Amino acid sequence: MPAFRSEAPLADDHLRAARNADRAPLAGVPRWARIAAHAVPILILPSGLWRVGVMLAVPGFGTAEARNHGVGLDVYLLGLFALSETLGLLTLGLVKPWGEVVPRWVPLLGGRRIPPLVAVVPATLGALAAIGVVYYFFLSILFTGYPAGHTATEEVVLTASYLPLLAWGPLLGAVTYAYYRRRANGQS
């Protein structure tokens, strides 16, 4: 029987260098901005997990009516979860090399510098939208209460799941400002 030889494709120096290049801190990025950018997707995660709990009809997640839902609500909840996490992960582009130069593997655009405003404008609008939507949600609960049908447990789970979202917009705004200052000053 021939001896099995494990040849890991990741052992290739080029692939290892490419993989590690994205992990290295980008010059000029403040430490607080790196931490804030990495915190955003984590802060969004509890609300997404709450949506999955509603979708899977877990008691304590959503109202009894919401747990007796159809496929349309499942698609909506999964889509919203995927969209919000994707947007949260895009925050990392403001502190990573791929937020300044299009990765080489992207067809037609790979290797081109990204003009600062191409990232700053959508990120600023995203920060404002996140602040508006999340703060409106909490202010409406504060002034009008929870929608009918929620038990006390469901209200606690909902609040605990959505409370971290209050930091999403401000953190995205702060990281966007750091990105703008760094790029406008020509640091990278």
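Begin by selecting Leu-117, Val-121, Leu-125, Leu-128, Tyr-177 and Tyr-180, which together make a nonpolar surface patch of about 630 Å². The model on screen is a predicted one, and everything in this tour should be read with that in mind. Colouring the patch by helix shows that α5 and α7 each supply at least two of its residues, and that α5 gives the largest share, with four residues. For a landmark on the other contributing helix, label Tyr-177, which has its place in α7.

**The whole chain**

Now zoom out and show the protein chain as a cartoon, where seven helices and zero strands should appear, following one another along the sequence in the pattern α-α-α-α-α-α-α. The chain has 188 residues, of which 30% count as buried. If you switch to a surface representation, about 11700 Å² is exposed, and carbon and sulfur atoms supply 71% of that area. As for how the chain comes together, among contacts with a separation of 6 or more, those between residues 24 or more positions apart account for 71%.

**The salt bridge**

Next, stay with α7 and select Arg-182 together with Glu-100, which form a salt bridge whose closest N and O atoms are 2.6 Å apart. The pair links distant parts of the chain, since Arg-182 belongs to helix α7 (residues 168–184) while Glu-100 sits in the loop between α4 (71–90) and α5 (116–144), 82 residues away. Is this pair buried or exposed? Arg-182 has a relative accessible area of 2% and is therefore buried, and Glu-100, at 4% relative accessibility, also counts as buried. There is no second example to look for, as the structure holds one salt bridge. As a general point, side chains of opposite charge can pair when their charged atoms come close.

**Along helix α4**

From the loop that carries Glu-100, step back to the preceding helix, α4. A distance drawn between the end C-alpha atoms of α4 comes to 28 Å, which agrees with the 28 Å that its 20 residues should span at 1.5 Å a residue. Select Leu-77, Phe-81, Ser-84, Glu-85 and Gly-88, which are buried residues of this helix. Turn the view until you look down the axis of α4: the buried residues fall within an arc of 95°, and so they line one face of the helix. Against which elements does this buried side pack? The buried residues of α4 pack against α2 (31–55) and α7. The face of α4 turned away from them carries Val-71, Gly-72 and Val-75, which are exposed.

To examine α2 beside α4, select Val-54 and Leu-77, which are 23 residues apart in sequence and have their C-alpha atoms 8.4 Å apart in space. Val-54 is found in helix α2 and counts as buried because its relative accessibility is 3%.

**Helix α6**

Moving on to α6 (residues 152–162), select Glu-154, Leu-158, Ser-161 and Tyr-162, which are buried. Viewed down the axis of α6, these buried residues fall within an arc of 85°, so that they too line one face of the helix. Rotate to the other side of α6 to find Ala-152, Thr-153 and Val-156, which are exposed.

**A pair of glycines**

Return to α5 and select Gly-126, which is found in that helix and, at 29% relative accessibility, counts as partly exposed. Add Gly-169 to the selection: although the two glycines are 43 residues apart along the chain, their C-alpha atoms are separated by 7.4 Å.

**Two loop residues to check**

The last stops concern backbone geometry. Most residues other than glycine have a negative phi. Select Ala-57, which has a positive phi of about 60° although it is not a glycine. Ala-57 lies in the loop between α2 and α3 (64–67) and, with a relative accessibility of 33%, counts as partly exposed. Then go to Leu-108, which likewise is not a glycine and has a positive phi, of about 70°. Leu-108 is found in the loop between α4 and α5, and its relative accessible area of 79% makes it exposed.

How values were computed. Residues numbered from 1 in each chain as written. Predicted model: local features only at pLDDT ≥ 70, side-chain atom pairs only at ≥ 80, totals over all residues. Heavy atoms only, no water. Salt bridge = Lys/Arg side-chain N within 4 Å of Asp/Glu carboxyl O. Buried < 20%, exposed > 50% of the residue type's maximum accessible area, 1.4 Å probe, protein only. Patch = residues over 30% accessible without salt bridge, like charges linked within 9 Å, V, L, I, M, F, W, Y side chains within 5 Å. Areas by Shrake-Rupley, 256 points an atom, 1.4 Å probe, with all protein chains shown as cover. Expected span 1.5 Å × (residues − 1). Arc of directions from axis to C-beta. Contact = heavy atoms within 4.5 Å.
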